[in-house]
Each structure stands twice: as structure tokens, then as C-alpha cells.
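Reader: I'm new to this one and would like a close look at a single part of it. Could you pick a spot and walk me through what sits around it?

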Amino acid sequence: MESIKTYIERARIWAKLILSDDLSNSELKDSELDDIHSVASGKYESWRESQIQKFDEKKIWRNIEMKLKVFQKPEPKIIRLLKPWRSVAAAVLLMVLGTESYFIFQDLKTVKTVEVLPGESLAYLQVDNQSKIDLSVQDTLLLFHQVNAQVDSGQLVYSTAESDQSKIETHTINVPSKGEYFVQLSDGTKVWMNSESSLKFKSKFTGQQRVVDLVGEAYFEVAKNPNKPFIVRTANTYVKVLGTKFNIKAYADEAYTYTTLKEGKVKLIMDDKQQVMAPNEQVVFDKTKHQYTKRRVDASIYSAWTEGQFVFKDERLEDILNSLSRWYGLKVFYKHAQQKEERFSISVNRYDEIQPLLNHIELTGDIHLKINKSALIVE
């Protein structure tokens, strides 16, 4: 048992040195100090990252009990700390420490918090079937057949150009995950596009209508033109306006389409159903049941994202985290399906790092949120 006590005492000294900035100790031999320097130079860090998630307290205890039984035999084996052991010195050290290693692991697990940053102005423009144009560049003038477009500070502004050409091009703006973008169309209509959204339109509106196709979420301030209605088409709805402000959320992977009117009047067509909307009204269309519900809301909540805020009022956790996942570039996983139905009210800065927001959700609900690389896990 004397040898066991010796190793444990040695292990304590090693642990203190490895986990501190002082790598000198008169109690240790030069060879042991060499080993500690080797571990502290970076091998321990890489080992720690790979092993933390593999730690199994119960398994460690079983191994320790087996080792103790071996040491108690009449002729116990003597295990020597050999020089080639340097690369796994910390691993053996923590195995010997047993319960002390458990507390070290717990401490190491909380050393760093993953920082997940918000999105930014980011989009790509595709003209007909040509190559994509990166709209993150600054101060660029794009020349087309009947319009010009100025790219500047996360905005794309179209203007009519003098041209004898009759060709009308199809333009598509795609905003990826962790992106947002502002575009002013050739008729003066302003559009704020959210993450994972696309908007398709003609470079110059001709005929009796101004038609755009939307996938995802966008907020519109439509330039008034009584003689030429503005049409927003999604996969399941058809919004007709003359001049107004409204928000449409129509993601392909979500079961509902939300149309929220802030100002003016719109006619909403869903399959064979129609609804005329007034300000501060929202129509929720169930894509599975092909049914809709109209309700009174504060429309400013649903356009707050265009002003740099995340505002959710009594919203389902799944809907909240879907919005966050697109903006922060995360995939969401739930431990229990019923967690999706919990409701929260939140108002935070859209451009902040995600962790304070997650902390707020945890404080107001019986759930735990953690980030593992690009995954957001709900427990």
C-alpha cells in the first residue's frame, strides 16, 4: 500500500502543477519536470478536448477498484512512470486520482463558453440563369438591360436606366443562413429580407401588375400605384396591395404562413378563400389543413427584426428557436417533443451574441439550452 500512497501523492503534485502556471517544484525529479513541460506544452490541451466528453465516472470507479484489488495481492506489480508515457501522462494521472479527477473534469467542462455571433448583411443576386453576384461587396454599380442597381452598405437599390432594349430579366436575390438584406425595387418598393429567404422579380415591372415571388420572410413597404397592384406570391398565399406595409413569413419547412399588416389594406388569397386585412391584423394559414385564422396583434412585433430587435410575445419555443437558428446558423435538437410547445415572451437585441438570449429563456422556463459546435440542444 506504500507504493499506492506514493503514486497518489505524486499525482496530487502533478495535478497542481499542470493546472497552474507554475511548472517548477523542488519535490520532483528533473525527469518528472520534463514530462510536465511536455504535457503543458499543448499535448494536455489536445488530449483534454478529445477526452472530456468521453469521461465516465462510473467506469473510472470500476477501474480504480480493480486496480486496488491488483495492488493488494501478495506480490503486487510495480508500475513505473516511464519516459515514453509523456503523451498520456495527464490521462493516467486523472485515472489514479479517482474522485479528484471527477471534480477536475467538471471544472474543465465549464472553462469556455461557445460564442455564437449573429448574422450580417449577406446576399447573392442571380440574373436569369447566369452566375451569382455577391452583394456583400461595397460601392458597386451593376448595369442591366433596362435598370441599374447600386450596391452599398448591405443594400441593393434599383433605378430605371435609359435603354432602347426591350429585354426584361428575371432577378433572384438569395439570402443565406446568418444573413439579411435590403433591396429597393425599380418601382420604389422597399423590401427587408430575413435569413434563408429568396425574392424573385422582373428587373422592370411591365403590364398591369407588379409581381414578386417570396420564399422565407420579408417585410414590404410598397410604393403606391393605384393603376398597378403589387402582388406577393408564396407557395400557399397570394397577397394583393396598392400601397402598404406588411410582413410575410412563409418558410417552406414550417407548417404555417403568417401575413401581418402594419399599415394600409391588403387582400389575401389562400386557395379558394379570401380575406381583406386591416392594420394590426394577422392571418395564419395552416398549410396542412388548408385553413386560416385571423387575429388581432401588435404588428410592430412582427417587423421588429427589421429594426435590429428580436421580439416574441407568448410564442412557441419551436417558432422562437427556428428564427434564432437561421440568424445564428445553428441546428436545433429537442430531447423531448413537448418542449416545442412551451411559450415565452422575449425582447432582445438582434445583433448580440446568442448566449445572453438563451440564458433569458432558461430563467423564464423549465428547460436547459446548450450549444455544441453548430447544434443548439434543448434539454
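Author: Happy to. Keep in mind that this is a predicted model. Let's start with empty space. A search of the whole structure turns up two cavities of 30 Å³ or more, and the largest cavity holds about 360 Å³. Its lining is made up of 26 residues, and those nearest the centre are E217, K249, Y302, F312 and S323. Which elements give two or more residues to that lining? They are β14 (245-250), β15 (256-263), α6 (299-302), β20 and α7. Sorted by kind, the lining of the largest cavity has 11 nonpolar residues, eight polar ones and seven charged ones.

Hold on to β20 and α7, as they take us to the next stop, helix α8. β20 (309-316) and α7 (317-328) are among the elements that cover the buried residues of α8, along with β22 (343-349), β23 (369-372) and β24 (375-378). And which residues of α8 are buried? In this helix, which runs over residues 355-363, they include Q355, L357, L358 and I361. These buried residues lie on the same side of α8, because they span an arc of only 160° around the axis. There's a general pattern to keep in mind here: an α-helix has 3.6 residues a turn, so residues three or four places apart point the same way.

Now follow the chain out of the helix. I367 sits in the loop between α8 and β23. Is I367 buried or exposed? It counts as buried, because its relative accessible area is 7%, under the 20% cut-off. Setting aside neighbours within four places in sequence, I367 touches L317, Q339, E342, F344, I361, E362, V378 and E379. I361 is one of the buried residues of α8 we just met. As for V378, it is 11 residues from I367 along the chain, and their C-alpha atoms are 6.9 Å apart.

One of those contacts of I367, Q339, deserves a stop of its own. Q339 belongs to the loop between β21 (331-334) and β22. Q339 is buried too, because its relative accessibility is 6%. Beyond neighbours within four places in sequence, Q339 is in contact with L317, Y334, I367, V378 and E379. What does its side chain find at E379? A polar atom of the Q339 side chain lies 3.1 Å from the backbone oxygen of E379.

So picture two loop residues in contact with one another, I367 and Q339: I367 in the loop between α8 and β23, and Q339 in the loop between β21 and β22.

Notes. Residues are numbered from 1 along each chain as its sequence is written. This is a predicted model: local features need pLDDT of at least 70, side-chain atom pairs count only at pLDDT 80 or more; totals for chains, interfaces and linings use all residues. Side-chain values use heavy atoms; hydrogens and water are left out. Buried means under 20% relative accessible area, exposed over 50%, partly exposed in between (1.4 Å probe, protein chains only). Helices (H or I, at least four residues) and strands (E, at least two) are DSSP runs, numbered from the N terminus. The arc is that of the directions from the helix axis to the C-beta atoms. Contact means heavy atoms within 4.5 Å. A polar contact is a pair of N or O atoms within 3.5 Å; within protein, one must be able to donate a hydrogen and the other to accept it, and residues adjacent in sequence count only if both atoms are side-chain atoms. On a 1 Å grid over the protein atoms alone, a cavity is a set of points where a 1.4 Å probe fits but cannot get out, and a pocket is an open set with protein on both sides within 12 Å along at least five of seven lines; lining residues have an atom within 4 Å of a point. Grid points are joined across faces, edges and corners, and a volume is the space filled by probe spheres set on the points. Ala, Val, Leu, Ile, Met, Phe, Trp, Tyr, Cys and Pro count as nonpolar, Asp, Glu, Lys and Arg as charged, and the others, Gly among them, as polar.
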